[in-house]
Amino acid sequence: ISKSKIVVIPHGNYSHFTKFISKDVARSKLGFQEDDELLLFFGTLRPDKGLDIVLDALQLLSCRSPKLKLIIAGKPFGDMTESFVNSMILSRNLKNHVIFKGEFILDSDVDYYFCASDILLLTYRRVFESGVLNLAQTYGRAVICSDLPEFRESIQHQVNGMLFPANDSNALASCISEILVNRGFDSMGKRAYI
């Protein structure tokens with residue numbers, strides 16, 4: 001493999017890889033409105049990351065909030081093909097609430113996705129570590145994570161993010177609703193900044 005194709009990204013603060021962009025500029029570039037409520041599901045799409053849990057929770061919330069949008073940004077992997085993800089979205093009648101970018105997100109675009117979003121969702125069924133969590137914290141974004149031991153090492157519930165019982169879309173919907181109603185994502189994101 002050519003050395004030009006290899007990048008080593010250490011875990012921890014990613015501030016030397018990221019650039020802060022104002023929320024309104026990032027949203028404008030991605031085609032969102034200033035008052036949209038943006039959830040982000042970011043990274044390689046695999047079954048163990050729980051996209052179905054996110055979509056089930058969004059289905060519960062979509063009728064209450066027309067401004068609620070989910071950005072799915074990442075390349076499908078294995079059984080999580082682009083057509084399978086699209087069928088998951090359509091079967092839940094979420095076409096107007098979900099923006100699916102089923103491709104590898106270029107480094108130059110990562111800043112826009114994180115800076116435009118209000119909340120990052122990490123709904124994993126299992127995890128060993130998460131670079132996406134560290135990235136969200138570097139951008140000062142609130143996160144809602146499955147209540148897995150690896151996430152509990154970094155997230156204090158209702159301090160720098162929220163935790164919900166893994167695989168429970170109803171509990172996830174409650175967390176999303178609570179953080180949006182209280183507008184707690186900005187203060188949690190500030191406390192999450194590493």
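These legends accompany close-up views of a predicted model.

The model is predicted, so local features need pLDDT of at least 70 and side-chain atom pairs count only at pLDDT 80 or more, while totals for chains, interfaces and linings use all residues. Residues are numbered from 1 along each chain as its sequence is written, and side-chain values use heavy atoms, with hydrogens and water left out.

**View 1. The two sides of helix H3 (residues 82-91).** Helices (H or I, at least four residues) and strands (E, at least two) are DSSP runs, numbered from the N terminus. Val 85, Met 88 and Ile 89 are buried in H3 (under 20% relative accessible area, with exposed over 50%, partly exposed in between, 1.4 Å probe, protein chains only). Down the helix axis, the buried residues fall within an arc of 95° (taken from the directions from the axis to the C-beta atoms), so they line one face of H3. Ser 83, Leu 90 and Ser 91 are exposed on the other side. Just after H3, you will find Asn 93 with a positive phi of about 55°.

**View 2. What H3 packs against.** The buried residues of H3 pack against helix H2 (51-62), strand S2 (68-73) and strand S3 (98-101). Leaving aside neighbours within four places in sequence, Ile 72 has contacts (heavy atoms within 4.5 Å) that include Val 85, Ile 89, Leu 55 and Ile 99.

**View 3. Nonpolar cores.** A core is a set of buried Ala, Val, Leu, Ile, Met, Phe, Trp, Tyr and Cys residues joined through side-chain atoms within 4.5 Å. The largest has 35 residues, and Leu 70, Ile 72 and Ile 144 have the most contacts inside it. A second, separate core of 30 residues includes Leu 40 and Cys 145.
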